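Biologist: I'd like to learn how to read a strand-rich fold one feature at a time. Can we walk through one together?
Modeller: Sure, have a look at this and ask away.

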Amino acid sequence: LGVAFESTSGALNDSTTFTVYQETGTKTVEHGTDSGSLFDFSVGSRVWRNVSVGIGFHRGATSGEAAVQAVVPHPVTFNRFRNTATSADELDRTERAIHLQFGYMVPINERLSVHVTVGPSFFNLSQEVVGDVTFAEGDGFNTVSASPVVTERSDSATGGHIGVDVSYKAYETPTFKLGGGMFLRYSGASAKITVLENSVDS
């Protein structure tokens with residue numbers, strides 16, 4: 001049972017065109033993904049000598065911000081475009097994964113041991129994105145304002161993981177053991193999330 005830090009990088013960027021007033025405009029969304037904390041839980045058992053089998057679960061949650069830009073045609077004057085920009089804050093991202101762990105325990109000494117695991121991982125991702133952009137005309141049609149429409153998208157993906165769990169036994173009596181540990185795990189998969197109209201890897 002542990003709390004960890006998840007390093008995530010990437011972007012959910014998308015751009016699309018639309019037709020209004022018999023001309024073509026553009027909508028653009030730039031949405032970065034942030035790192036954050038996660039909760040991790042796993043159980044397992046030694047099945048033969050130092051070989052183990054287990055299952056793990058982790059859940060991570062972060063929030064981010066998306067920048068929204070648009071170029072909107074003028075309703076009266078042809079080939080006259082207005083630029084507008086806004087943002088969408090606190091776009092929640094939740095990632096859940098189940099890891100099937102096949103491991104090998106390496107005892108370094110009586111107090112220190114290293115447990116190496118590898119196996120498949122099954123991910124589920126829920127992500128809030130800017131799914132559309134609506135517009136409102138200003139006075140005299142000289143300006144236009146944009147409002148992001150936030151939509152929740154989800155996808156599942158299968159990947160893999162490799163991990164190292166280091167455990168140190170600091171104190172032991174016949175009925176009580178006290179120690180600590182640290183784990184490092186790399187896991188990954190590619191999920192498809194639709195932003196405006198196009199699917200983006202996440």
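Biologist: Which residue in the turn of the hairpin formed by S2 and S3 has a positive phi?
Modeller: Keep in mind that this is a predicted model. As a general idea, most residues other than glycine have a negative phi. Here, S2 and S3 form a hairpin with two residues between them, and Tyr21 in that turn has a positive phi of about 55 degrees.

Biologist: Is Tyr21 buried, exposed or partly exposed?
Modeller: Tyr21 has a relative accessible area of 37%, so it counts as partly exposed.

Biologist: Which residue in the loop between S5 and S6 should I check for its phi?
Modeller: Go to Asn79, found in the loop between S5 and S6. Its phi is near 65 degrees, a positive value in a residue other than glycine. Asn79 counts as exposed because its relative accessibility is 55%, and the cut-off is over 50%.

Biologist: Back to the hairpin. In what sense do S2 and S3 pair, and over how many bridges?
Modeller: When you read a pairing, look at the sense and then at the partners. S2 and S3 pair in the antiparallel sense over seven bridges, and Thr19 stands opposite Thr24 in S3. S3 also pairs with S5 in the antiparallel sense, over six bridges. There, Thr26 has Val71 in S5 as its bridge partner.

Biologist: Which side chains of S3 point to the buried face?
Modeller: For a strand, follow the side chains one by one and check which face each takes. In S3, residues 23–31, the side chains alternate. Glu23, Gly25, Lys27, Val29 and His31 point to one face and are buried, while Thr24, Thr26, Thr28 and Glu30 point to the other and are not.

Biologist: Let's try a single residue. Why does Phe18 count as buried?
Modeller: Phe18 counts as buried because its relative accessibility is 14%, and the cut-off is under 20%. Phe18 lies in strand S2, residues 14–20.

Biologist: What is Phe18 in contact with, beyond its neighbours within four places in sequence?
Modeller: Contacts tell you who sits around a residue. For Phe18 they include Glu23, Thr24, Gly25, Thr26 and Lys27, along with Val71, Val72, Pro73 and Phe135. Take Val72: it is 54 residues away from Phe18 along the chain, yet their C-alpha atoms are separated by 9.0 Å.

Biologist: How many residues are in the largest nonpolar core?
Modeller: That core has 17 residues, and those with the most contacts inside it are Leu12, Val29, Val130, Val133 and Val195. S5, S6, S7 (112–137) and S8 (144–172) each supply at least two of its residues, and S7 gives the most, with four. Val133 is a handy one to click on: leaving aside neighbours within four places in sequence, its contacts are Lys27, Val68, Ala146, Ser147 and Leu196.

Biologist: And the empty space: how many cavities of 30 Å³ or more are there?
Modeller: The count comes to two. Let's read the second largest cavity, which holds about 40 Å³ of space.

Biologist: Which strand gives the most to the lining of the second largest cavity?
Modeller: For a lining, ask which elements supply it and then what class the residues are. S5 gives the most here, with three residues, and S5 (51–73) and S6 (81–107) each supply at least two. The lining residues are His31, Gly32, Thr33, Asp34, Thr62, Ser63, Gly64, Leu91, Arg93 and Gln127. By class, that makes one nonpolar, seven polar and two charged residues.

Notes:
Residues numbered from 1 in each chain as written. Predicted model: local features only at pLDDT ≥ 70, side-chain atom pairs only at ≥ 80, totals over all residues. Heavy atoms only, no water. Buried < 20%, exposed > 50% of the residue type's maximum accessible area, 1.4 Å probe, protein only. Contact = heavy atoms within 4.5 Å. 1 Å grid on protein atoms, 1.4 Å probe; cavity = no way out; pocket = protein on both sides within 12 Å on 5 of 7 lines; lining within 4 Å. Points joined across faces, edges and corners; volume = space filled by probe spheres on them. Nonpolar A, V, L, I, M, F, W, Y, C, P; charged D, E, K, R; others polar. Pairing = 2+ DSSP bridges. Core = buried A, V, L, I, M, F, W, Y, C linked by side-chain atoms within 4.5 Å.
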